Amino acid sequence: MKFIILDRDGTIIEDRGYVHKIEDLKFLPNAISGLKKFRNAGCRFIIVTNQAGIARNIFTSDQLDIFQDELLKQLAAEGINIDKIYHCPHHPDISDPCRCRKPKTKLIEEAAGRYGFSAEECIVIGDKDSDIELGLNFGSKTILIKNGRCENLVRPHFKARDLNHAFELLKKADLI
């Protein structure tokens, strides 16, 4: 079974900057259809997201929990189950150094330990260099969602327009 490790903002939902209000929860085009294709292929999902808005005092952990509960609820209504959302609340300019902020691998290692998958059994999908670095640091295949937010400092294994296209690329490569 494959685990799809997903970034949240800019990969599944619109990245409007420190997204934490339910009224700002907007799915990206083809996100739901792509997730359904992965689900139908037997994949499971984990979200790993940096949420520096907490360190910046833009929103609280409680506000993030409310938002993410709504995200999970809306995805469940579409038949998409996310096993867990892992988040880093730190920011390097504000917080003490941490081991959980992407591209560091602490959160994906926790997920692998809890759900029993290896680097070879997961694929990391995101829209920023830190997402791709996370996957490479863990030893997994990576897919960059091209939305113009990546600085292209690292090379992903694949580049896709959206999650629907990501599924098609992996299927064609016989990785799903």
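These notes cover the overall fold, the last helix and three buried residues of a predicted model.

1. **Fold.** The chain has five helices and six strands. Their order along the sequence is β-α-β-α-β-α-β-α-β-β-α. The radius of gyration is 15 Å, close to the 16 Å that the globule rule gives for 176 residues, so the chain is as compact as a globular protein of that length. The C-alpha trace spans about 45 × 35 × 35 Å along its principal axes.

2. **Burial and contact range.** Of the 176 residues, 49% are buried. Take the contacts with a sequence separation of 6 or more: 60% of them join residues 24 or more positions apart.

3. **Surface and charge.** About 8,500 Å² of the chain is exposed, and carbon and sulfur atoms supply 46% of that area. The chain carries 27 positive and 26 negative charges. The mean positions of these two sets lie 4 Å apart.

4. **Helix H5, buried side.** H5 runs over residues 163-172. Which of its residues are buried? They are Leu163, Asn164, His165, Ala166, Phe167 and Leu170. An α-helix has 3.6 residues a turn, so residues three or four places apart point the same way. The cover over the buried residues of H5 comes from several elements, including strand S1 (3-6), helix H1 (31-40) and strand S4 (122-126). Strands S5 (141-145) and S6 (158-160) are also among them.

5. **Helix H5, ends.** At the start of H5, a side-chain oxygen of aspartate 162 comes to within 3.1 Å of the backbone nitrogen of asparagine 164. After H5 comes aspartate 174, with a positive phi near 60°.

6. **Asparagine 164.** This residue sits in helix H5. Is asparagine 164 buried or exposed? Its relative accessible area is 18%, under the 20% cut-off, so asparagine 164 counts as buried. Beyond residues up to four places away in sequence, asparagine 164 touches Asn30, Ser33, Gly34 and Lys37. Helix H1 covers residues 31-40 and is part of what covers the buried residues of H5.

7. **Leucine 35.** Helix H1 holds leucine 35. Its relative accessibility is 0%, so leucine 35 counts as buried. Which residues does leucine 35 contact, leaving aside neighbours within four places in sequence? They are Leu6, Ile12, Phe45, Leu75, Ile80 and Leu163. Leu163 is also one of the buried residues of H5. For a distance check, take phenylalanine 67: leucine 35 is 32 residues from it in sequence and 19 Å from it in space, C-alpha to C-alpha.

8. **Threonine 11, polar partners.** Threonine 11 lies in the loop between S1 and H1. With a relative accessible area of 2%, threonine 11 is buried. What does its side chain reach? One polar contact goes to the side chain of aspartate 7, at 3.1 Å. The side chain of threonine 11 also reaches the backbone nitrogen of aspartate 127, at 3.4 Å.

9. **Threonine 11, wider contacts.** Leaving aside neighbours within four places in sequence, threonine 11 is in contact with Leu6, Leu28, Ala31, Ile125, Gly126, Asp127, Ile145 and Leu163. Leu6 and Leu163 appear in the contact list of leucine 35 as well. Strand S4 runs over 122-126 and strand S5 over 141-145. Ile125 and Ile145, which threonine 11 contacts, fall in those two ranges.

Definitions and conventions
Residues are numbered from 1 along each chain as its sequence is written. This is a predicted model: local features need pLDDT of at least 70, side-chain atom pairs count only at pLDDT 80 or more; totals for chains, interfaces and linings use all residues. Side-chain values use heavy atoms; hydrogens and water are left out. Helices (H or I, at least four residues) and strands (E, at least two) are DSSP runs, numbered from the N terminus. The radius of gyration is taken over C-alpha atoms; the globule rule is 2.2 Å times the number of residues to the power 0.38. Buried means under 20% relative accessible area, exposed over 50%, partly exposed in between (1.4 Å probe, protein chains only). Contact means heavy atoms within 4.5 Å. Accessible areas come from the Shrake-Rupley method with a 1.4 Å probe; for residues, only the protein chains shown count as cover. Lys and Arg count as positive and Asp and Glu as negative; His and the chain ends are not counted. The place of a charge is taken as NZ of Lys, CZ of Arg, CG of Asp or CD of Glu. A polar contact is a pair of N or O atoms within 3.5 Å; within protein, one must be able to donate a hydrogen and the other to accept it, and residues adjacent in sequence count only if both atoms are side-chain atoms.
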